[in-house]
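Good morning, and thank you for coming. Please look at the structure on the screen while I take you through it.

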Amino acid sequence: MSGNGSAILFSSLLRCCRSLEVLKSVHATMIKSNAHQDSFFVNQFVSQCSRIRQVGYALQVSAQMAEPNVFVYNAVFGGLVQEFASRECVELYVGMLRSNVLPDGYTFSYLVKACAQLSAVELGAAVHAQIEKLGFGRQILVRTVLMDFYSSIGWIGEARKLFDEMSDRDVVSWTAMIHSHSCVGDMISARRLFDEMPERSVVSWNTMIAGYGRSGDVETANSLFNEMPEKNLVSWTTMISCYSQNKRYKEAIECFERMKAAGVSPDEVTMTTAISACAHLGALNVGRELHLYSMSNKLNFSVHLGSALVDMYAKCGCLEKALITFYKLEEKNTFCWNCIIEGLAIHGYGSDAITMFRKMNEEGKARPNFVTFVSVLSACNHSGMIEEGRRLFSSMIKDYSICPVMEHYGCMVDLLSRGGHLEEALNLMSTMPMKPNAVMWLALLSGCRIHRNMELTEISAEKLLSLEPNNSSHYMLLINIYSEGKAWEKVERVREMMKEKEVQKRTPGCSWIDINGVVREFAAGHMFQLSSEMYFLLLRLDRQLKLVGFSPE
């Protein structure tokens with residue numbers, strides 16, 4: 001195989017390769033024409049292998065070459081780093097040096113990325129020393145990946161030193177340093193660099209918006225977003241994610257709608273973020289529309305999008321649809337299993353949640369993590385399965401080597417308290433490696449109310465009020481407990497405490513309602529359109545409930 005015509009034909013054949021079978025066919029043609037020893041053709045072949053995620057085959061083909069050059073090695077390095085096969089990348093680099101093939105700047109860019117993926121501090125420092133020794137330290141690409149490496153291991157000062165010493169910087173190096181500062185929450189330094197940039201790219205703007213989102217400054221993120229001279233899909237997705245991660249889900253969906261109105265088509269990542277916002281809002285109709293939109297536009301139903309849909313349907317009360325979506329997914333990761341287990345748990349199907357957990361273990365493709373056990377313990381809690389909860393809690397530690405965190409202990413304390421095992425719950429709290437939080441003491445106090453244990457009521461109430469002295473709901477719960485026990489003196493004492501500490505309910509209850517696909521927010525005591533109709537309907541329902549014998553507490 002030689003000549004420009006053959007090279008063009010070969011390149012065309014490679015571009016059509018979308019599977020391992022076709023790659024093998026092209027490789028066979030290369031072997032017949034002896035092109036499998038030509039660095040130019042092997043370089044292109046290996047690059048295509050990496051593009052369609054067949055890096056293992058790329059390694060095999062490159063290993064058959066008698067004298068691969070640095071370009072072939074670089075193509076393989078790129079594929080290995082893309083697949084996070086960092087150790088293999090380092091091992092191949094050692095083999096390359098033993099073959100007396102000299103590295104170039106691209107070689108070191110991939111090698112440094114591999115060190116970052118491994119969090120290999122000493123190896124990265126050694127590679128940096130070799131970079132300086134061979135004279136590649138002044139290349140912008142190499143210095144930029146070194147900045148990323150030092151930032152990834154938390155050495156921001158070293159990264160900034162490299163940046164400050166650069167005699168020539170491009171927009172990528174500026175953006176990399178901004179990203180480094182924003183990742184550690186130093187938005188002041190990030191903004192200073194952003195304002196000093198001689199030119200900005202869309203990526204620079206997106207990096208700043210994402211940084212403000214992570215730090216909780218949604219207003220500044222939104223202000224920058226509105227100032228952007230040009231927005232791409234990533235910009236919109238970043239802003240939607242910014243709202244979602246700061247629990248401003250209604251605004252996340254509104255931003256998504258504005259994106260569509262601007263003529264920007266969402267991808268799988270955007271849809272996943274928007275559907276997750278619907279899950280938190282309980283906006284079933286909007287979520288259904290997004291599901292339909294995904295199907296109509298033939299988006300890739302990856303495990304991430306599928307998991308978001310399962311989570312959305314489960315949290316919106318449509319458990320049957322969540323199960324259908326779950327079983328239709330070809331690939332299920334741990335998050336996906338966690339979503340369906342949690343969905344079953346919150347709907348009271350505790351035994352079904354445990355059965356699903358067992359199926360997860362039987363399939364063996366996704367390993368349970370600490371979130372999985374929060375879900376299964378919650379399932380036991382919702383269904384009152386005390387013995388099963390004890391067994392799972394013990395199994396989590398012994399069989400899965402998962403160290404319990406606050407959430408696991410909280411589930412167990414709640415489970416034991418609801419079941420009347422108040423002394424056991426208190427003992428568990430006292431043997432924990434961390435101090436019990438207010439949620440645990442509240443669970444114990446609620447258990448005391450159910451089982452009328454006045455002795456432990458005093459202990460849990462004292463601890464709870466010392467942790468959250470201004471939470472009015474705790475005082476009201478305590479008043480209810482004393483009232484039910486006819487301890488009127490203690491009721492009066494709690495009321496006096498509230499007066500002394502000037503405790504009052506400052507934040508009204510807030511809810512979201514999905515009306516004809518539009519999510520509306522309202523708070524207790526607030527007047528809004530249709531308020532009178534809603535109150536009239538609630539009054540009618542209250543009267544009908546009383547007619548059938550319902551008596552509120």
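Leaving aside its neighbours within four places in sequence, with which residues is isoleucine 341 in contact? Please keep in mind that this is a predicted model. Setting those sequence neighbours aside, isoleucine 341 touches Ala353, Met356, Phe357, Met360, Thr372, Ser375 and Val376. Isoleucine 341 also belongs to the largest nonpolar core, a set of 167 residues. Within that core, Ile341 is one of the residues with the most contacts, together with Phe45, Ile131, Met147, Met208, Met239 and Met312. As a general remark, nonpolar side chains in soluble globular proteins tend to be buried together.

Let me now turn to the chain as a whole. There are 553 residues, and 45% of them are buried. The chain contains 31 helices and two strands. Its C-alpha trace spans about 95 × 55 × 50 Å along the principal axes. Of the contacts with a separation of 6 or more, 57% join residues that are 24 or more positions apart. The exposed surface comes to about 29200 Å², and carbon and sulfur atoms supply 53% of that area. As for charge, the chain carries 55 positive and 59 negative charges, whose mean positions lie 3 Å apart.

Next, the annotation. An unreviewed UniProt entry places the feature "repeat: PPR" at residues 170–200, 201–231, 232–266, 333–367 and 369–404. Consider two of these spans. In residues 170–200, the end C-alpha atoms are 10 Å apart, and the span is 74% helix and 0% strand. For residues 232–266, the end C-alpha atoms likewise lie 10 Å apart, with 74% helix and 0% strand.

Histidine 181 sits in helix α11, which covers residues 171–183. Is histidine 181 buried or exposed? Histidine 181 counts as buried because its relative accessibility is 5%, and the cut-off for buried is under 20%. Apart from neighbours within four places in sequence, histidine 181 contacts Ile156, Arg160, Asp186, Ser189, Ala190 and Leu193.

My last example is threonine 273, in helix α17, residues 268–281. Why does threonine 273 count as buried? The reason is its relative accessibility of 16%, which is again judged against the cut-off of under 20%. Beyond its neighbours within four places in sequence, threonine 273 is in contact with Thr237, Ile240, Ser241 and Ser244. Tyrosine 243 is 30 residues away from threonine 273 in sequence, and their C-alpha atoms are 9.9 Å apart in space.

Thank you for your attention.

Note on methods:
Residues are numbered from 1 along each chain as its sequence is written. This is a predicted model: local features need pLDDT of at least 70, side-chain atom pairs count only at pLDDT 80 or more; totals for chains, interfaces and linings use all residues. Side-chain values use heavy atoms; hydrogens and water are left out. A nonpolar core is a set of buried Ala, Val, Leu, Ile, Met, Phe, Trp, Tyr and Cys residues joined through side-chain atoms within 4.5 Å. Buried means under 20% relative accessible area, exposed over 50%, partly exposed in between (1.4 Å probe, protein chains only). Contact means heavy atoms within 4.5 Å. UniProt positions are given in the numbering used here, feature names are shortened, and annotations may be inferred rather than shown by experiment. Helices (H or I, at least four residues) and strands (E, at least two) are DSSP runs, numbered from the N terminus. Accessible areas come from the Shrake-Rupley method with a 1.4 Å probe; for residues, only the protein chains shown count as cover. Lys and Arg count as positive and Asp and Glu as negative; His and the chain ends are not counted. The place of a charge is taken as NZ of Lys, CZ of Arg, CG of Asp or CD of Glu.
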